[in-house]
Amino acid sequence: MLRIIDINALSEAQHMTEDQIAEEQKIVEAAKNDARAFAAIYDRYFEQIFNFILRRTDDEELTDDLTSQTFLKALQSLKKYEFRGLPFSAWLYRIASNEVNKHYNKKKRKRVFSLEEERLFEIIETDDSNPELDGQISTLISTLNDLPTDVMEVLELRFFEERSFKEISFILNISESGAKMRLYRAIEKLKKYFTVNWKE
Amino acid sequence: MGRHEIRLRRRKMTSGRIEGYKDYCDLMNKHSRADRLRKAYRLFLIVLGGIALLFFSYLFFRSPQEQAPTSGVQKISRPGVLINYSLNTVNNGKT
């Protein structure tokens, strides 16, 4: 049976409308003057940031600590935040990514990407009766393991966090073309073992 | 670039479970504490700066009298002998 990966089955990057971004900016400006107004931002993005950090650590207790650290840093540096036409979540993701990196640098451990099985099944086109499913999953994981970490970061942000390339370039502090190039390298590597359906 | 490990997670993290980790009160308490520490540190630096400024101002502006040595008749002494001298302005030493 052909091994097919259908990336189109995953959601496209989430885009906020300009009105939504402008509305969010008002909340951020209010929070700069009164920290209590930050509660709205905390409620809105806690789940996203928690899931992102959990995908990078695979440890709930650690995720709890790092998420708390992320929001604390965001609150303390809020006055320095400058609007760049991106959702506020991009800044939170950047802080979260830095906190995760700091943790791994301190502990000198191998980085982890913890992906939901359910999500992987969304992209591997197959049926339940496929006896080769376990083998295909193993091949996919092995291929993803072989990717450089910086490429895997972009792939995870694009398809699991559903961030746009503009946000990814801000979060990882790389150029937009650099982010696209890393993703294309990942797709090319996957194409060695799978038929990849992907429309960018 | 370094390598990593891919792990498959069977158990999905639900919104309900994530909600259990939210603690906004704790976040505000930590923020207030950090804010207080930052203000205390700033105050300490200002006080230290003020004291340093006062000290250097004192050194720079203290009166000349405090700085000059004492003048007048000098007494020169040798063990057992005490000689007082003063300027002869009467005949400039001509005898």
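## Tour of the chain A–chain B interface

Select strand S2 (residues 111-116) of chain A and S1(B): the two run parallel and are joined by 6 bridges. Strands pair here if DSSP finds at least two bridges between them; strands (E, at least two residues) and helices (H or I, at least four) are DSSP runs numbered from the N terminus. This is a predicted model, in which local features need pLDDT of at least 70, side-chain atom pairs count only at pLDDT 80 or more, and totals for chains, interfaces and linings use all residues. Residues are numbered from 1 along each chain as its sequence is written, chains are lettered from A in the order in which they are written, and side-chain values use heavy atoms, without hydrogens and water.

Next, pick B:Ile6 in S1(B); A:Phe113 stands opposite.

Widen the selection to the whole contact (heavy atoms within 4.5 Å): chain A supplies 41 residues and chain B 26. About 3,400 Å² is buried between the chains, 57% of it from carbon and sulfur atoms; buried area is the accessible area (1.4 Å probe) lost on putting two parts together, summed over both. On the chain B side, B:His4, B:Ile6 and B:Arg9 lose the most area to chain A, together 23% of what that side buries.

Now show B:Arg7 and A:Asp58, a salt bridge with the closest N and O atoms 3.1 Å apart. The interface has 5 salt bridges (a side-chain nitrogen of Lys or Arg within 4 Å of a carboxyl oxygen of Asp or Glu).

Finally, colour chain B by element: strand S1 (4-9), helix H1 (15-19) and helix H2 (24-61) each give two or more residues to the side touching chain A. H2(B) gives the largest share, 8 residues.
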